[in-house]
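Trainee: I would like a close look at a single part of this model. Please go through one helix and what surrounds it.

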Amino acid sequence: MSSQTLTKSPPRRAESGPALPRIVPRRRTGQWLAAALVLTLLGLAVNSVLRNEAFQWGVVADYFTTTAVLRGLGLTLWLTALVMALGFALGTLLAVLRLSANPVLRAVSWGYVWLFRSMPILVQLLFWFNIGALYPHILGIRTVDLFGPVTVAVVGLTLHEAAYAAEVVRGGILSVDRGQIEAAQALGLGRARRLRRIVLPQAMRSIVPPAGNMLIGTLKGTSIVSVIAVQDLLYSVQLVYHRTYQVIPLLLVATLWYVVVTSLLSVGQYYVERHYARGAGR
């Protein structure tokens, strides 16, 4: 039997076609020039702040962790946490009443939100601070003894925040698909259980971002209680600079503490949002 020699045929040449156009990245000269200009101006601003001796950064460092400042910071944090907890508890109740089928409850809730959103917070605090002029005694107790500066701050800020919290919670509840509620009704779940187990967990995706903004706003808004002599962070530094006349560095101390706490709260808000956004398309 004769052996056959197997030869490899040369590979076929690819058929020549029309040449594809070369992709050239778009030049964004204007954007790069604008970015360079912004960075230059930002660098000049930071440099002027750091090198300006009028800011007295040495004094800022000396007072940043003093006992008086830390005590004021502690009161500010405590006041913020308490007001947010009480405000959202009352606000959730108001939101549920606003969505009630009872017209009287809806009207009362709407009236509360309308009234307290219409009044400036400073006016509310001054009103509660002078409540003794209207009601000298409540339940046999003198209002002067009952409503001290800290109590006035808690009551005034809580009632104010509850009005805004009610709208935040109501918006979150309305964002839940109606079919979820109907499915819970078909399973025989009561109204309270539907709200607690079905509606609120899904509504938290819409509630958390504005609630985080409210928390940060409340933290900074507590500085207004200094007008009624509550020794929060701002009032504490005011006491110091009234004695030393170093106004700018002491105000910088308060500002830096507000920036630090606000940054930490923003990080916490990010992780809470990510927790409640699980399973949601982005």
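Mentor: What follows is a walk along one helix, from its annotation to its neighbours. The model is predicted, so local features are taken at pLDDT of at least 70 and side-chain atom pairs only at pLDDT 80 or more, while totals for chains, interfaces and linings use all residues. Residues are numbered from 1 along each chain as its sequence is written, and side-chain values use heavy atoms, with hydrogens and water left out.

The helix is α3, residues 67–98. Helices here are DSSP runs of H or I with at least four residues, strands are runs of E with at least two, and both are numbered from the N terminus. An unreviewed UniProt entry annotates "transmembrane region" at residues 75–97, 109–129, 214–235 and 247–272. Such annotations may be inferred rather than shown by experiment; their positions follow the numbering used here, and feature names are shortened. Residues 75–97 are 100% helix and 0% strand, with end C-alpha atoms 33 Å apart. For residues 214–235 the figures are 50% helix, 0% strand and 22 Å.

T80 lies in α3 and is buried, because its relative accessible area is 4%. Buried means under 20%, exposed over 50% and partly exposed in between, with a 1.4 Å probe and protein chains only. A polar atom of the T80 side chain sits 2.8 Å from the backbone oxygen of T76. Beyond four places in sequence, T80 is in contact (heavy atoms within 4.5 Å) with L215, T218, L219 and T222.

Another neighbour of α3 is helix α10, residues 233–244. Two packed helices are described by the angle between their axes and the distance between the axes. For α3 and α10 the angle is about 160° and the axes are 7 Å apart. Axes are lines fitted to C-alpha atoms over the stretch in contact, and angles run from 0 to 180 degrees between N-to-C directions. α3 and α10 are therefore roughly antiparallel, where under 35 degrees counts as roughly parallel, over 145 as roughly antiparallel, 65 to 115 as roughly perpendicular and the rest as oblique. On the α3 side the contact is made by A68, V69, G72, L73 and T76, and on the α10 side by L233, S236 and V237.

Finally, T158 belongs to helix α7, residues 149–174. T158 is buried, because its relative accessible area is 8%. Leaving out residues up to four places away in sequence, T158 touches V83, L86 and G87.

How values were computed: Polar contact = N/O pair within 3.5 Å; in protein donor to acceptor, adjacent residues only side chain to side chain.
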